[in-house]
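Visitor: Hi, could you walk me through this one? I'd like to start with a helix and go from there.

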Amino acid sequence: MFRNFGRSGLRVSQIGLGTWVTFGSQITDEMSEQIVTLAYESGINIFDTAEVYAAGKAEIILGKILQKKKWRRSSYIVSTKLYWGGKAETEKGLSRKHIVEGLRASLDRLQLDYVDIVFANKPDPNTPMEEIVRSFTHVINNNMTFYWGTSRWSPTEVMEAYSVARQFNLIPPVGQTDEEDDWLDMLEMNDERTAKKVRSYSMNETRKDDEDREDRHAPIGPLDWIPAVGVMRYRNFGRSGLRVSQIGLGTWVTFGSQITDEMSEQIVTLAYESGINIFDTAEVYAAGKAEIILGKILQKKKWRRSSYIVSTTPCPDASPRAHLSC
């Protein structure tokens with residue numbers, strides 16, 4: 001499934017692949033390539049990184065993979081984020097100097113002529129908003145990126161950027177990356193309201209965590225990110241007292257089919273160590289092989305049974321052809 005990114009015409013997959021924590025750090029370059037390949041072949045078209053991820057290594061690894069795969073550049077989207085580029089004072093923040101030089105450095109690491117989206121990775125109280133908006137307009141006008149967005153900015157800060165853009169005929173941000181409590185995940189896919197949740201906000205309202213909002217009147221759209229090691233968030237499962245991580249690991253399509261058992265084990269281990277505590281499978285996935293592989297991994301790891309959750313879905317058809325029909 002795809003949706004427009006903010007109020008732009010850019011069509012992004014509902015799920016994107018991020019490189020925080022893992023690429024250049026917790027997993028090998030070979031596994032990174034397998035994950036990117038699987039994501040692309042599964043229909044994911046947006047790959048997100050940042051200059052600060054693994055001190056630039058994440059961009060380098062992603063760039064090498066994209067160069068090696070030789071996919072049409074028009075068939076995928078790359079986004080990166082700027083704010084922390086180095087130790088020097090001039091290598092941080094959102095000054096015109098750092099936005100221009102930082103993006104050039106990111107493009108060199110990625111081996112790309114342009115990225116599709118560049119985000120301001122956090123607000124910069126030390127740089128005038130006019131300078132920030134003019135700088136992002138500059139990199140767009142010079143074909144270094146197509147769009148710019150914000151990350152973890154408040155509604156007031158985004159509104160100020162819009163006001164400056166309108167006043168001086170500049171280009172406003174079109175999207176916001178943010179950490180959301182209500183991530184569209186496997187636990188609520190059957191909830192019709194969840195499918196409509198676009199956790200963006202209008203410029204004249206504060207965030208309401210438990211309220212569904214349509215985004216058609218919001219001038220900025222969301223691109224959510226999921227916390228990683230040490231900062232995973234949890235919530236109750238429905239109206240029960242069961243605490244589940246805000247994102248779970250599913251086994252559909254991949255386990256027992258598109259990836260090796262060894263890679264399945266690496267993924268489950270990484271998920272568990274990152275704070276994910278729910279693993280979802282089903283009787284019908286890979287004709288039962290997904291359940292078998294997941295079970296073997298959990299037996300091998302010997303984690304406390306009380307520390308994780310397993311969910312499965314039995315096939316409603318009990319006939320011998322059940323796996324072919326349900």
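Visitor: Which residues are buried in α9?
Guide: Happy to help! Keep in mind that this is a predicted model. In α9, the buried residues are M263, S264, E265, I267, V268, T269, L270, A271 and Y272.

Visitor: And what covers them?
Guide: The cover over the buried residues of α9 includes the helices α1 (22-26), α2 (29-41), α8 (254-258) and α10 (289-301), along with the strands β12 and β13.

Visitor: What span should α9 have, and how far apart are its end C-alpha atoms?
Guide: Helix α9 covers residues 261-273, which makes 13 residues; at 1.5 Å a residue the expected span is 18 Å, and the end C-alpha atoms are 18 Å apart, so the two agree.

Visitor: Nice. What follows α9?
Guide: G275 does, and its phi is positive, near 105°.

Visitor: Let's switch to those strands. What order do β12, β13 and β14 take in their sheet?
Guide: The order is β12-β13-β14, in an open sheet of 3 strands with parallel pairing. β12 (249-250) and β14 (309-311) are the edge strands, each pairing on one side only.

Visitor: How many bridges link β12 and β13?
Guide: There are 2 bridges, in the parallel sense, with β13 spanning residues 278-280. As for partners, L249 is bridged to F279 in β13.

Visitor: Last topic: how many residues are in the largest nonpolar core?
Guide: It has 68 residues, and F136 and W153 have the most contacts inside it. Another core, of 8 residues, lies apart from that one; V12, I77, I117 and V174 are among its members.

Note on methods: Residues numbered from 1 in each chain as written. Predicted model: local features only at pLDDT ≥ 70, side-chain atom pairs only at ≥ 80, totals over all residues. Heavy atoms only, no water. Core = buried A, V, L, I, M, F, W, Y, C linked by side-chain atoms within 4.5 Å. Buried < 20%, exposed > 50% of the residue type's maximum accessible area, 1.4 Å probe, protein only. Pairing = 2+ DSSP bridges. Helix = DSSP H or I, 4+ residues; strand = E, 2+ residues; numbered from the N terminus. Expected span 1.5 Å × (residues − 1). Contact = heavy atoms within 4.5 Å.
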